[in-house]
Amino acid sequence: MSELVEEYLNYLQEVPVGAAVAATGAATGGMSFAPVLAAVSIFSAFNMAFTLYKNYFTKAARRCKDLPGKEKALCMLRAKSAGKQAQLNALKQASNKCMKTKSPEKCKKKFNAKMSKVGGEAGALKSRFQQLSQQKYAE
């Protein structure tokens with residue numbers, strides 16, 4: 001799946017897209033669309049990482065559907081945690097593309113904020129999994 005992210009981000013960074021925007025910029029009185037394209041590219045990377053999380057979680061959660069009680073809760077937490085980790089890895093790979101942008105610091109800052117949020121969610125899920133695995137349930 002990371003190859004798909006890489007391929008999509010490469011597609012967004014291709015020259016013909018920029019050349020087309022430059023041509024339309026002249027028609028609009030010299031207005032530059034570069035900031036808009038950068039924002040769309042970052043949003044696309046965030047959206048693709050979230051879609052990766054949803055797909056990963058859905059596939060893993062299907063394996064949990066027939067489990068009873070505590071096992072199902074633990075399996076679902078493990079699936080969510082693994083999905084968040086996959087999302088975090090996709091964001092890390094996408095953030096490497098920031099060096100090709102006009103303002104890499106701004107791009108890196110946005111990616112770091114998103115990665116810290118996702119990393120915090122993944123850590124919370126892991127700690128919740130540990131708590132639940134140590135509890136005793138009456139079945």
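1. Lys84 counts as buried, at 10% relative accessibility, and this lysine makes a convenient starting point for reading what is a predicted model. Lys84 forms a salt bridge with Glu121, in which the closest N and O atoms are 2.6 Å apart. A search of the whole structure finds 1 salt bridge. The pair links distant parts of the chain, since Lys84 belongs to helix α4 (residues 69-95) and Glu121 to helix α5, with their positions 37 residues apart. The two partners may be set side by side in accessibility: Lys84 is buried at 10%, whereas Glu121, at 28%, counts as partly exposed.

2. Lys84 also has an aromatic neighbour, for its charged end sits over the ring of Tyr53, 4.4 Å from the ring centre. Tyr53 is itself buried, with a relative accessible area of 11%, and its ring is paired with that of Phe50 in a tilted arrangement, 5.9 Å centre to centre and with 40° between the planes. Both Phe50 and Tyr53 lie in helix α3, 3 residues apart, which is about one turn of the helix. As general background, an α-helix has 3.6 residues a turn, so residues three or four places apart point the same way. Phe50, unlike the buried Tyr53, is partly exposed, its relative accessible area being 36%.

3. The structure holds 2 aromatic pairs, and the one formed by Phe46 and Phe111 is edge-to-face, with the ring centres 5.1 Å apart and the planes at 75° to each other. This pair links distant parts of the chain, because Phe46 is in helix α3 (residues 34-62) and Phe111 is in helix α5 (residues 104-134), 65 residues apart. Phe46 is buried, with a relative accessible area of 18%, a value to be read against the cut-off of under 20% that defines a buried residue. Phe111 is also buried, at 3% relative accessibility. The charged end of Lys114 sits over the ring of Phe46, at 5.6 Å from its centre.

4. Which residues touch the most other members of the largest nonpolar core? They are Ile42, Phe46, Leu91, Cys107, Phe111 and Met115, out of a core of 15 residues. The elements that contribute two or more residues to this core are α3, α4 and α5. Leu91 may be taken as an example of the packing: leaving aside residues up to four places away in sequence, Leu91 touches Ala45, Phe46, Ala49, Phe111, Lys114, Met115 and Val118. Another core lies apart from the largest one and has 5 residues, among them Phe57, Ala60, Ala61 and Ala79. In soluble globular proteins, nonpolar side chains tend to be buried together.

5. Helix α5 deserves a separate comment. This helix has 31 residues and reaches 44 Å from its first C-alpha to its last, which is close to the 45 Å expected at 1.5 Å a residue. The buried residues of α5 are listed as Pro104, Cys107, Phe111, Met115, Val118, Ala122, Leu125 and Leu132.

6. A last point concerns Ser81, which lies in helix α4. Is Ser81 buried or exposed? Ser81 is buried, with a relative accessible area of 10%. Not counting residues up to four places away in sequence, Ser81 touches Ala122, Leu125 and Lys126, and of these contacts Ala122 and Leu125 are buried residues of α5.

Definitions and conventions
Residues are numbered from 1 along each chain as its sequence is written. This is a predicted model: local features need pLDDT of at least 70, side-chain atom pairs count only at pLDDT 80 or more; totals for chains, interfaces and linings use all residues. Side-chain values use heavy atoms; hydrogens and water are left out. Rings of Phe, Tyr and Trp (its six-membered ring) pair if their centres lie within 6.5 Å; planes under 30 degrees apart count as stacked, over 60 as edge-to-face and the rest as tilted. Helices (H or I, at least four residues) and strands (E, at least two) are DSSP runs, numbered from the N terminus. Buried means under 20% relative accessible area, exposed over 50%, partly exposed in between (1.4 Å probe, protein chains only). A charge sits over a ring if NZ of Lys or CZ of Arg is within 6 Å of the ring centre and within 35 degrees of the ring normal. A salt bridge is a side-chain nitrogen of Lys or Arg within 4 Å of a carboxyl oxygen of Asp or Glu. A nonpolar core is a set of buried Ala, Val, Leu, Ile, Met, Phe, Trp, Tyr and Cys residues joined through side-chain atoms within 4.5 Å. Contact means heavy atoms within 4.5 Å. The expected span of a helix is 1.5 Å times one less than its number of residues.
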